[in-house]
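Biologist: Before I rely on the labels attached to this structure, I would like to hear how they were reached. Could we go through the reasoning behind them?

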Amino acid sequence: MIGDVIRQYRRKAGMTQEAVADRLGVTASAVNKWERNSSQPDIALLAPIARLLGISTDTLLSFRETLTDGEIDDYIRRLGRDLEERDFGEVFASVEATIQEYPSCNRLICQAAVMLQARLHMTETSEPDRTEERERRHGKILRWFEQCLTAEEASVRKMAAESLFQDYCRREDYDRAASFLEYLAKEDPERRMKEAQILEKTGKKEEACRNYEEILFSNYQLSRMALTHLRLLAMGDGDDALAETLAAAESALAGAYDMGIFNATGAAFDLAVWRRDADAAAEAMKELLDHADSITAFTESPLYRHMTFKKPEPAFEERYRTILIAGMADETYDFMKGHPLWESLRAGRDAGHDKAILKNNDG
């Protein structure tokens, strides 16, 4: 409070209450009351007091434009407790007062607004006779979110835009809801998901399905790459147990996304080679060769039936088998030399491949 500030800086300046009173033309009793916060100086004295104490009027009035991240986190935690324990109207008024004190602290405003918005929706049925006040609060929350759309922090802008999007969707104002997606990056998966939701809600079912399927497909690609890199790192560290867990996850992921047996087997082969487990490597290679025709199985999957894929060229699978067989001669697999299944795969598949190529050429 202002009295605490006056006392702190008066003492810092080495002045007595009497000296301050004399310089300002007031009584020492008045200064004493200020410092005890039992009264406040006249507004005309604020600038002279600040000059006398060598501080700004903002400091005198304890004004700060924003709060630290730690202070915001503490406030939000207290707000959560207050919403559980106190009357919603009292808590809302308290938040309004805090935002008036820190009108430019957008992270505080946005996070508080999110919590108030959630609780306001919960009270809609419990307070049926307070529609006018609820609408006032709702409008205030929306204005806070709209203010935060101009925040410097991208995370705050995104939080505000997503909150506004959900609010207008809830009221079935889909055009207005869609307008807030412009605040999300075009490559943001959440933006694509919300665009699909709008398509779904506005009766554009086919387009919505295609969007959802494209999200599924791209998420598989990203997740598979992440798992593969994590497995390679684990293998580099010699962490066998983790590498096995990640390889199993890669296989399960391919199964869940209907990517075919071939795509579900690659990680097991890599792991077996890394372990120099000849039996497991040979079995995995047999599986890859036997199911090379499932490389593009996802193109026929009902999970992606609204998507359009480029059709593989004729004999694509057979050519891929050729690549696999040629690769089996790499020095990486020298430890496999002499393994019966491995050698039979190379010899048998080579012969079978030659016949297939001759047949395709004759055709």
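Modeller: What follows is a set of questions about cysteines, salt bridges, surface charge and backbone angles, with the caveat that this is a predicted model.

Biologist: Let us begin with the cysteines. How do you know that Cys110 and Cys148 are not bonded through their sulfurs?

Modeller: A disulfide requires two cysteine sulfur atoms within 2.5 Å, and the sulfur of Cys110 has its closest cysteine sulfur, that of Cys148, at 4.4 Å, so the pair is too far apart for a bond. Cys209 is in no disulfide either, since the nearest cysteine sulfur, in Cys169, lies 17 Å away. By this rule the count of disulfides comes to 0.

Biologist: And is Cys110 buried or exposed?

Modeller: Cys110 has a relative accessible area of 1%, and buried means under 20%, so Cys110 is called buried.

Biologist: What makes the contact between Arg107 and Asp73 a salt bridge?

Modeller: The closest N and O atoms of Arg107 and Asp73 are 3.4 Å apart, and the rule asks for a side-chain nitrogen of Lys or Arg within 4 Å of a carboxyl oxygen of Asp or Glu, so the pair qualifies. This salt bridge links distant parts of the chain, with Arg107 in helix 8 (residues 106-122) and Asp73 in helix 6 (residues 69-85), 34 residues apart. By the rule, the count for the model comes to 25 salt bridges.

Biologist: Why are Arg107 and Asp73 given separate labels for accessibility?

Modeller: Arg107 is at 18% relative accessibility, which is under the 20% limit, and therefore counts as buried. Asp73 is at 30%, which falls between 20% and 50%, and therefore counts as partly exposed.

Biologist: What does the salt bridge between Arg176 and Glu146 tie together?

Modeller: The closest N and O atoms of that pair are 3.6 Å apart, and because Arg176 lies in helix 11 (residues 174-179) while Glu146 lies in helix 9 (residues 131-148), the salt bridge ties together parts that are 30 residues apart in sequence. Arg176, with a relative accessible area of 32%, is partly exposed, and Glu146, with 30%, is partly exposed as well.

Biologist: How is the pair of Arg319 and Glu313 classified?

Modeller: The side chains of Arg319 and Glu313 meet in a salt bridge, at 3.3 Å from N to O. Glu313 is at 53% relative accessibility, and because exposed means over 50%, Glu313 counts as exposed, whereas Arg319, at 38%, counts as partly exposed. Elsewhere, salt bridges that share partners join Glu96, Glu133, Arg136 and Arg137 into one network.

Biologist: Which residues gather in the patch of negative charge on the surface?

Modeller: The patch is formed by Asp277, Asp279, Glu283 and Glu287. Patch members need over 30% relative accessible area, and Asp277, at 33%, therefore meets that condition while counting as partly exposed. Asp277 sits in the loop between helix 15 (260-275) and helix 16 (278-290).

Biologist: Why is the phi of Asn37 worth a remark?

Modeller: Most residues other than glycine have a negative phi. Asn37 has a positive phi of about 60° although it is not a glycine, and its place is in the loop between helix 3 (28-35) and helix 4 (46-53). Asp258, also not a glycine, has a positive phi of about 55°, and it is found in the loop between helix 14 (240-256) and helix 15.

Technical notes. Residues numbered from 1 in each chain as written. Predicted model: local features only at pLDDT ≥ 70, side-chain atom pairs only at ≥ 80, totals over all residues. Heavy atoms only, no water. Patch = residues over 30% accessible without salt bridge, like charges linked within 9 Å, V, L, I, M, F, W, Y side chains within 5 Å. Areas by Shrake-Rupley, 256 points an atom, 1.4 Å probe, with all protein chains shown as cover. Lys, Arg positive; Asp, Glu negative; His and termini not counted. Charge placed at Lys NZ, Arg CZ, Asp CG, Glu CD. Helix = DSSP H or I, 4+ residues; strand = E, 2+ residues; numbered from the N terminus. Buried < 20%, exposed > 50% of the residue type's maximum accessible area, 1.4 Å probe, protein only.
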